[in-house]
Amino acid sequence: MQDVAAKTPLEQLRPVLELLADGEIHSGESLGNALGVSRAAVWKQLQKLESYGLTLESAKGRGYRLPGGLDLLSAQTVTAQLDDSARALLRELRVFDELSSTNSLLLERFEEGKGHAVAILAERQSAGRGRRGRNWVSPYATSISLSVGWEFNGGVLSLEGLSLAVGVAVAKALERFSVPGVRLKWPNDVWCQGRKLAGVLLELKGDLTDRCSVVIGIGLNNGLNAKTAEEIDQPWADLQQVRPGIGRSELTAAILSELLPMLETYPEGGFATYRESWSTLDQFAGQPVQLRSGNLSWEGVAAGVDEKGALLLDTDKGQKSFHGGEISLRGQV
Ligand code: BTN
């Protein structure tokens, strides 16, 4: 179980981070006064920031600053910026400074029967999870780590293609801010200008033939610094480099505004409702690709997706559909 009651070391640093979030120089004395602690205690706190991937600059004799400042998430701003339809659907929104994984916390919530229509955000994940057992790098305040819980009747079959529809929702949210070059890579990666900007991890629980719970995890790079980005093992894009200045809370509200109404109506029309939108964003449409699944691989020309979200490949043995695997441009890893 993740202990969300006790304050983590990072949560204890929240007050000093809020003071430094403006990116301005603050003297040790002014920080100490604002926090009600000695200058030595301030210095102790500041020394810890680097271990969270934050770069602290000291200006001799003047104080300290976090260059570029921090755009901290605000539950209030997210809620205020939601579309009315999404606000009506959302039951709870929680922002944590630090969690091992927002998906894990929501899975635990479902154990207690309290996960439906809940959105969990974390400024940092210490063990963020990606697809296929990969890690998901989510350092403090420089990505969006969001999980949403939803319960569906009708079992997993009615949910085919849902992860692709989540990708469409994220792409539409980015379109609201005119982010250029947004595409989808099958099944549910969000790419921007030819590299991965965001990923989606769906985790299911419950009776897979009847009432089941789904945790929809979305991770999006937003202001990663070069050092932490070194940990990412695939070509990545960062929203702050592509379209600087989009507020993290505002973007989160846009994602939830696209996502929640989609989840509410998904079982009615399934992926067929989103197929056209997905196809217009298809990163690899018409291109020679390779699909790998375990030790097997297939080659063909990407021919979009079917009504259930399966990948269509035109191979030399005719058109084939695939429900799993990793796609890449032929000749690239
Ligand atoms: C992928 O590998 O493409 C999926 C990445 C999903 C990452 C998100 S971040 C929020 C949520 N919590 C997690 O531990 N993972 C997902």
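Arg248 counts as buried in this predicted model, with a relative accessibility of just 1%. Its partner is tucked away too: Glu123 is buried, at a relative accessible area of 0%. The side chains of Glu123 and Arg248 meet in a salt bridge, with 2.7 Å from N to O. Glu123 sits in strand 4 (residues 118-125) and Arg248 in helix 11 (residues 248-269), so this pair ties together parts of the chain that are 125 residues apart in sequence. Neither residue stands alone, either: Glu123 and Arg248 belong to a network of salt bridges that also links Arg14, Glu18 and Asp97.

What makes such pairs form? Side chains of opposite charge can pair when their charged atoms come close.

Another pair turns up between Asp189 and Lys196, whose side chains meet in a salt bridge at 3.2 Å, N to O. Here, Asp189 counts as buried at 4% relative accessibility, and Lys196 counts as buried at 9%. Both values fall under the 20% cut-off for buried residues.

Arg94 and Glu92 give another picture. Arg94 forms a salt bridge with Glu92, and the closest N and O atoms are 3.9 Å apart, which is still a salt bridge because the cut-off is within 4 Å. Arg94 is partly exposed, with a relative accessible area of 34%, and Glu92 is partly exposed as well, at 26% relative accessibility.

These pairs come from a longer list: searching the whole structure turns up 21 salt bridges.

Methods. Residues are numbered from 1 along each chain as its sequence is written. This is a predicted model: local features need pLDDT of at least 70, side-chain atom pairs count only at pLDDT 80 or more; totals for chains, interfaces and linings use all residues. Side-chain values use heavy atoms; hydrogens and water are left out. Buried means under 20% relative accessible area, exposed over 50%, partly exposed in between (1.4 Å probe, protein chains only). Helices (H or I, at least four residues) and strands (E, at least two) are DSSP runs, numbered from the N terminus.
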